[in-house]
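What does the fold of this chain look like as a whole, and how do two of its residues sit within it? The report below takes these points in turn.

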Amino acid sequence: MRLDKFLKVSRLIKRRTVANEACDAGRVLINGAVAKASTKVKKGDIIEIQFGIKTVKAEVLDLRDTTKKEEAADLFRYL
């Protein structure tokens with residue numbers, strides 16, 4: 001699954017266009033490397049997102065094309 005789609009489906013970032021912009025600006029890392037929006041995400045990857053001065057780290061637990069709001073938190077685990 002593409003990184004920008006995973007960020008939207010998991011609700012780490014609300015909109016896919018915002019996820020694309022964050023990736024283009026170099027604020028999203030996968031396993032310590034800067035990632036493009038088209039980078040493939042797999043289970044076990046560590047995603048790091050920089051929101052201004054705050055950084056969010058999460059581990060990918062599951063991949064799904066769509067989720068309900070309540071189930072979105074099951075796709076990742078905060079580190």
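The text that follows moves from the overall fold to two individual residues.

**Overall fold**

The structure is a predicted model, and its protein chain contains 2 helices and 5 strands. Read from the N terminus, the order of these elements is α-α-β-β-β-β-β.

The C-alpha trace of the protein chain extends over about 30 × 25 × 25 Å along its principal axes. For 79 residues, a compact globule would be expected to have a radius of gyration near 12 Å, and the value of 11 Å for the protein chain agrees with this. Among contacts in the protein chain with a separation of 6 or more, 36% are made by residues 24 or more positions apart.

**Surface and charge**

Of the 79 residues in the protein chain, 35% count as buried. The area that the protein chain exposes is about 4900 Å², and carbon and sulfur atoms supply 50% of it. The protein chain carries 18 positive and 11 negative charges, and the mean positions of these two groups are 2 Å apart.

**Two residues in their surroundings**

Asp4 belongs to helix 1, which covers residues 3-9. Is Asp4 buried or exposed? Because its relative accessible area is 1%, and buried means under 20%, Asp4 counts as buried. The side chain of Asp4 is joined to the side chain of Arg16 by a polar contact of 3.2 Å. When neighbours within four places in sequence are left aside, the residues in contact with Asp4 are Arg16, Ala19, Asn20 and Ala37, so that Arg16 appears both in this list and in the polar contact, as the cut-off for contact is 4.5 Å.

Thr67 is placed in the loop that runs between strand 4 (54-60) and strand 5 (76-78). With a relative accessible area of 16%, Thr67 also falls under the 20% limit, and it is therefore buried. The side chain of Thr67 reaches the backbone oxygen of Val9 at a distance of 3.1 Å. Not counting residues up to four places away in sequence, Thr67 touches Val9, Arg11, Ala72 and Leu75. Val9, the partner in the 3.1 Å approach, is thus one of the residues that Thr67 touches.

The polar approaches of the two side chains are set out together here.

| Side chain | Partner | Distance |
|---|---|---|
| Asp4 | side chain of Arg16 | 3.2 Å |
| Thr67 | backbone oxygen of Val9 | 3.1 Å |

Methods:
Residues are numbered from 1 along each chain as its sequence is written. This is a predicted model: local features need pLDDT of at least 70, side-chain atom pairs count only at pLDDT 80 or more; totals for chains, interfaces and linings use all residues. Side-chain values use heavy atoms; hydrogens and water are left out. Helices (H or I, at least four residues) and strands (E, at least two) are DSSP runs, numbered from the N terminus. Buried means under 20% relative accessible area, exposed over 50%, partly exposed in between (1.4 Å probe, protein chains only). A polar contact is a pair of N or O atoms within 3.5 Å; within protein, one must be able to donate a hydrogen and the other to accept it, and residues adjacent in sequence count only if both atoms are side-chain atoms. The radius of gyration is taken over C-alpha atoms; the globule rule is 2.2 Å times the number of residues to the power 0.38. Accessible areas come from the Shrake-Rupley method with a 1.4 Å probe; for residues, only the protein chains shown count as cover. Lys and Arg count as positive and Asp and Glu as negative; His and the chain ends are not counted. The place of a charge is taken as NZ of Lys, CZ of Arg, CG of Asp or CD of Glu.
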